[in-house]
Amino acid sequence: MVKHQPLQVYEKQVFVSFVTGIYGCRWKRYQRSQDDSSRWECTWFVILCSSFLLLLFWAYFWLVAQNDFNEFNWSVYNRSGEWRDESIPILASTTVGFSYITFLLILALFHISLGQQLNLYWVHKIGVLAMLLTTISGVISVDDIWGDEWDIILVSLQSTAPFLHIGALATVTAISWLVAGYVVRRERSNFQVMMLLLYMVILLTVYLAPLTFTCPCIMDRHSLRLRPDVIGRRGAPMLGPENTLVSFTRALQYGASSLEADVTISVDGVPFLMRDRTLKRTTDVGKVFPARQYDEASFFNWTEIRSLSAGQWFLESDPYWTVETLTARDRSRIGNQTVCSLMEMLRLAAKANSSALLKVRRPPPEHPRYRTWFMDTLWAVQKAGITQKRVTWTPDTDRGRVRGLQQTANEKLSVEEMRQRGLTSLTLHYSKASTKDLQEYLANNVSVTVYPVNEPWLYSILWCSGVPSVSSDAPQVLRKVPYPIWLMSLNAYRFIWITSDLVSIAVVIGIFGFQKWRMRGMQNYNPEQIMLSAVTRRSSRDVNIMKEKLIISELNNGLSSTEELCLFPENGYATYSHGDLSH
């Protein structure tokens with residue numbers, strides 16, 4: 001009696017070897033399996049998908065948070081006391097981690113589509129866990145240091161939602177190939193039904209998501225208001241040290257209609273421009289007055305303040321990576337900058353026929369000018385020769401003492417509260433300025449200035465919302481935005497939305513139908529025909545020939561011998577030999 005194993009003829013599968021080799025370090029055919037993946041490996045696949053989604057959220061957050069990188073670095077500086085551009089290592093690590101996890105996820109999806117068993121290599125498991133834990137710790141740290149910044153995600157969706165919807169639609173449509181391949185199997189299980197229902201719910205959610213969108217730039221172009229004025233927030237701090245004459249001059253050169261500055265009162269009553277509580281970050285006080293570098297800036301007299309350099313720190317630290325773009329003349333000018341007084345800034349604004357927005361910091365109670373700071377500031381405004389109507393003052397305290405100056409509130413107020421305070425303008429953070437609130441303010445003739453606006457996408461949605469002015473650290477960037485980056489009528493967007501959904505539905509139905517037809521054909525295929533087709537392949541194909549041993553056993557006398565069958569595709573015949581006999 002002759003017993004033998006089925007004849008096997010294998011082709012080289014370079015792509016499969018590549019996929020399984022990198023994902024699970026299974027480069028050889030005998031290491032691979034088409035059996036169902038174990039629960040342990042399915043758990044790792046879920047962890048991989050979770051890491052991808054978390055990193056996708058993390059990467060999107062930092063992409064839109066570029067608008068506030070200066071605010072982030074300043075927040076870190078206030079905690080650590082050292083100025084560093086912390087965004088660079090975060091962006092680098094996020095890019096590397098997201099690319100790595102995305103690559104592994106693509107390989108895992110190829111495993112599923114090719115019917116290969118998932119088996120993630122242990123080195124990759126460590127890498128996935130490391131990226132997951134690092135991202136979670138990053139989210140916790142940002143929530144602690146910069147918790148208010150999460151609002152930018154909702155704000156950014158006003159600009160990106162229509163495009164994210166198209167991307168999500170394409171993704172769930174492509175995933176239907178894997179879902180269909182799993183659901184149409186002959187074996188039926190409750191898990192398959194649950195998988196199908198879950199996919200249908202996700203698909204329906206994506207189809208109807210545009211019903212929840214609030215996008216100001218989906219509007220009739222004839223309803224678009226005038227381009228918002230740009231206020232140079234501390235000048236143009238990316239092109240020159242903040243709150244210096246060079247910075248303010250560059251802001252005016254790049255089209256800023258107004259200048260914004262932070263005002264502090266010196267110990268001898270001179271208003272000067274300084275954002276920080278101390279002089280350590282933006283001057284060389286550590287070299288000139290090392291023992292006083294952590295003292296509050298308002299406790300220096302004007303002579304001491306004027307002796308400090310306010311430009312060398314910018315050239316040395318290069319906070320915005322822009323120093324190399326400056327000419328030698330600009331660098332020399334920056335290096336010679338001193339701390340700017342309020343009077344100098346107002347004179348520059350008056351000369352340029354511009355206006356000014358002042359954020360005045362009241363001195364502490366122990367300060368010698370605590371009771372006279374208000375008059376010190378008013379005296380500087382009057383001495384500068386600027387028209388008082390061009391000067392806006394914040395905060396809106398001491399309303400009864402301000403005559404001729406404009407006042408603005410830097411907190412969100414109702415229209416009724418503004419009327420009670422006698423205010424006609426607001427200065428709001430962009431996260432507090434919803435489209436509905438802006439429309440209400442504009443309908444009641446309330447002027448709104450939104451800050452900080454440094455990216456074209458944010459400037460565009462505020463433009464579509466009708467905001468009259470924005471405060472920006474980057475007037476040179478906004479100058480390149482002569483029109484909203486995208487503007488679309490409601491009917492045009494509805495056409496794109498419905499058409500995309502219909503195309504997706506047709507593709508999904510086609511994929512499910514094709515997978516069912518493909519699976520039915522595989523079930524009806526005769527295995528002997530597959531074996532015969534393998535034997536009669538053309539010699540031009542690169543085929544690996546496997547030898548098959550035939551075990552011949554003599555049942556009557558208990559004798560056994562071994563015969564060997566060899567397949568020669570060159571002539572298409574099969575022979576076996578035993579000793580000197582040949583057949």
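# Close-up views of pockets, cavities and contacts

**Figure 1. Charged, polar and nonpolar residues meet in the lining of the second largest pocket.** Seven nonpolar, six polar and 15 charged residues make up this lining. Please keep in mind, here and in every view that follows, that the model is predicted. The second largest pocket encloses about 690 Å³ of space. Its lining consists of 28 residues, and those nearest the centre are Glu71, Trp74, Arg233, Arg275 and Tyr451. Helix α3 (69-80) and the strands β6 (355-360) and β9 (425-429) are the elements that each contribute two or more residues to the lining.

**Figure 2. Glu71 and Arg233, from the centre of that pocket, pair in a salt bridge.** The closest N and O atoms of the two side chains are 3.0 Å apart. Glu71 sits in helix α3 and Arg233 in strand β3 (residues 229-233), so this pair ties together parts of the chain that lie 162 residues apart. Are these two partners buried or exposed? Glu71 and Arg233 are both buried. Follow the contacts outward and you will find one network, in which salt bridges with shared partners join Glu71, Arg233, Glu260, Arg275, Lys359 and Asp473. Arg275 is worth a second look, as this residue is among those nearest the centre of the second largest pocket and also appears in the lining of the largest cavity.

**Figure 3. A second salt bridge, between Glu41 and Lys125, joins two helices.** The two side chains meet with an N to O distance of 3.2 Å. Glu41 belongs to helix α2 (residues 39-64) and Lys125 to helix α5 (residues 122-145), and the pair links positions 84 residues apart. Both partners are buried. For context, a search of the whole structure turns up 20 salt bridges.

**Figure 4. Arg84 and Glu86 form a salt bridge with a partly exposed arginine.** In this pair, the closest N and O atoms lie 2.9 Å apart. Why does Arg84 count as partly exposed? Its relative accessibility is 43%, and the partly exposed class runs between the 20% limit for buried and the 50% limit for exposed.

**Figure 5. The largest cavity has a volume of about 80 Å³.** How many cavities of 30 Å³ or more are there? The count comes to two, and this view shows the largest. Its lining includes the run Pro241, Glu242, Asn243 and Thr244, together with Leu273, Met274 and Arg275. Thr282, Ala310, Trp313, Val339 and Cys340 also line the space. By class, this lining has seven nonpolar, three polar and two charged residues.

**Figure 6. The second largest cavity has no charged residues in its lining.** Its volume is about 50 Å³. The residues around it are Val155, Gln158, Tyr430, Ala433, Thr435, Leu438, Leu458, Ile461, Leu462 and Ser465. Three helices give two or more residues each: α6 (151-183), α16 (435-443) and α17 (456-465). Which of the elements gives the most to this lining? That is α17, with four residues. Sorted by class, the lining has seven nonpolar and three polar residues.

**Figure 7. Phe15, Phe18, Phe103, Ile106, Phe110 and Leu114 make a nonpolar patch on the surface.** The patch covers about 510 Å². Helices α1 (14-24) and α4 (87-114) are the elements that supply two or more residues to it. Helix α4 gives the most, with four residues. Take Phe110 as a guide to the view: this residue lies in helix α4 and is partly exposed, with a relative accessible area of 34%. That value clears the 30% cut-off for patch residues.

**Figure 8. Two loop residues, Trp150 and Ala297, are buried.** Trp150 is found in the loop between α5 and α6. With a relative accessibility of 18%, Trp150 counts as buried, because the limit for that class is under 20%. The C-alpha atoms of Trp150 and Ala65 are separated by 8.9 Å, while 85 residues separate the two along the chain. Ala297 belongs to the loop between α9 (285-288) and α10 (302-306), and its relative accessible area is 0%. From Ala297 to Arg277 the C-alpha distance is 5.9 Å, and the two are 20 residues apart in sequence.

Methods: Residues are numbered from 1 along each chain as its sequence is written. This is a predicted model: local features need pLDDT of at least 70, side-chain atom pairs count only at pLDDT 80 or more; totals for chains, interfaces and linings use all residues. Side-chain values use heavy atoms; hydrogens and water are left out. On a 1 Å grid over the protein atoms alone, a cavity is a set of points where a 1.4 Å probe fits but cannot get out, and a pocket is an open set with protein on both sides within 12 Å along at least five of seven lines; lining residues have an atom within 4 Å of a point. Grid points are joined across faces, edges and corners, and a volume is the space filled by probe spheres set on the points. Ala, Val, Leu, Ile, Met, Phe, Trp, Tyr, Cys and Pro count as nonpolar, Asp, Glu, Lys and Arg as charged, and the others, Gly among them, as polar. Patches are made of residues with over 30% relative accessible area and no salt bridge: like charges are joined within 9 Å, nonpolar side chains (Val, Leu, Ile, Met, Phe, Trp, Tyr) within 5 Å. Accessible areas come from the Shrake-Rupley method with a 1.4 Å probe; for residues, only the protein chains shown count as cover. A salt bridge is a side-chain nitrogen of Lys or Arg within 4 Å of a carboxyl oxygen of Asp or Glu. Buried means under 20% relative accessible area, exposed over 50%, partly exposed in between (1.4 Å probe, protein chains only).
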